[in-house]
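Let's take a walk through a protein model, one stop at a time. Keep the 3D view open and turn it as you read.

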Amino acid sequence: MNAHEYYAYLSAAREQLWNFLRALPAEELGRDLMPEGDRFHNIKDLLLHIADVEDHWVHTIARGDGVDRDGQYAHDWVIPRAEQYDLGWIIAYGREVGARTHTFLGSEPDLHRSVKLVQDDPHSDTVTLDQLMWHVMTHEVRHTAQIALMIRQLGHTPPWLDYMRFARPQVTAAQSGGLEPDADFPEQDDL
């Protein structure tokens, strides 16, 4: 599996999660379910953090073109206190970040190129763009699992967001009557 394919899955799962969260009472999305947490206390905090991390690493660091936080999406990314924001605003920010990432991955960037982790430090560690993408995607999966747990803490059943729900099924030789899955079938006129 490649980063572009996996990001497509994450985008589909993210949309399913957002759609589910829209149906929950607004006050539940900002309820403090992690009172001992340093930075993130509720579902909205985690949703905003997921978008922030992708924006930071993919767009600000790797591309040098982050989403404008001084304008429409200005917020404190360190301690978001996202209960103050409307869910629609958080989703709009996440959609803009996601659309930029889709466009970027669709341009077939060189995933083997080095990316400095700290732009203004000449001695900064570097990773490949592929490693950076997998970091961002794994980060989202981990926090999405936390959101699913929070949904359960609120007394709801979270949506099924596992990869297998979104994967395209592969036909085996046994399922196709012994034919190889990629075998050419005769044209209708040949029958």
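H75 sits in the loop that runs between helix 3 and helix 4. Is H75 buried or exposed? This is a predicted model, and in it H75 has a relative accessible area of 12%. Buried means under 20%, so H75 counts as buried. Its side chain isn't without a partner: the side chain of H75 makes a polar contact with that of D52, at 2.8 Å. You can also look from H75 across to Y85: the two are ten residues apart in sequence, and their C-alpha atoms are 9.4 Å apart in space.

That loop between helix 3 and helix 4 holds R81 as well. R81 has a phi near 45°, which is a positive value in a residue other than glycine. With 46% relative accessibility, R81 counts as partly exposed. E108 also has a positive phi without being glycine, with a value near 55°. You'll find E108 in the loop between helix 4 and strand 1 (114-116). At 70% relative accessibility, E108 counts as exposed, because the cut-off for that word is over 50%.

Now hop over to helix 1, where S11 is found. S11 is buried, with a relative accessible area of 11%. Which side chain does S11 meet in a polar contact? That would be the side chain of H102, and the contact is 2.8 Å.

Time to zoom out. The protein chain has six helices and two strands. Read along the sequence, they come in the order α-α-α-α-β-β-α-α. Of the chain's 191 residues, 38% count as buried.

How do helix 3 and helix 5 pack against each other? Their axes are 9 Å apart and make an angle of about 175°. Angles over 145 degrees count as roughly antiparallel, so that is the label for helix 3 and helix 5. Sorted by class, the residues in this contact are 15 nonpolar, six polar and two charged.

Next come the pockets. The largest pocket has a volume of about 390 Å³. It is lined by 26 residues, and the closest to its centre are L17, V141, T144, A145 and L161. Helix 1 (3-22), helix 3 (43-63), helix 4 (87-106) and helix 5 (129-153) each supply at least two residues of that lining. Which helix gives the most? Helix 1 does, with seven residues.

The second largest pocket has a volume of about 180 Å³. Its lining is made up of M1, E5, A8, Y9, Y163, F166, A167, R168 and Q170. Helix 1 and helix 6 (163-166) each supply at least two of these lining residues. Helix 1 gives the most here, with three residues.

Here is how the two linings divide by class:

| Pocket lining | Nonpolar | Polar | Charged |
|---|---|---|---|
| Largest pocket | 19 residues | three residues | four residues |
| Second largest pocket | six residues | one residue | two residues |

To tie things up, go back to helix 1 in your viewer. It holds the buried S11, gives the most to the lining of the largest pocket, and gives the most to the lining of the second largest pocket too.

Methods: Residues are numbered from 1 along each chain as its sequence is written. This is a predicted model: local features need pLDDT of at least 70, side-chain atom pairs count only at pLDDT 80 or more; totals for chains, interfaces and linings use all residues. Side-chain values use heavy atoms; hydrogens and water are left out. On a 1 Å grid over the protein atoms alone, a cavity is a set of points where a 1.4 Å probe fits but cannot get out, and a pocket is an open set with protein on both sides within 12 Å along at least five of seven lines; lining residues have an atom within 4 Å of a point. Grid points are joined across faces, edges and corners, and a volume is the space filled by probe spheres set on the points. Helices (H or I, at least four residues) and strands (E, at least two) are DSSP runs, numbered from the N terminus. Ala, Val, Leu, Ile, Met, Phe, Trp, Tyr, Cys and Pro count as nonpolar, Asp, Glu, Lys and Arg as charged, and the others, Gly among them, as polar. Axes are lines fitted to C-alpha atoms, for helices over the stretch in contact, and angles run from 0 to 180 degrees between N-to-C directions. Angles under 35 degrees count as roughly parallel, over 145 as roughly antiparallel, 65 to 115 as roughly perpendicular and the rest as oblique. Buried means under 20% relative accessible area, exposed over 50%, partly exposed in between (1.4 Å probe, protein chains only). A polar contact is a pair of N or O atoms within 3.5 Å; within protein, one must be able to donate a hydrogen and the other to accept it, and residues adjacent in sequence count only if both atoms are side-chain atoms.
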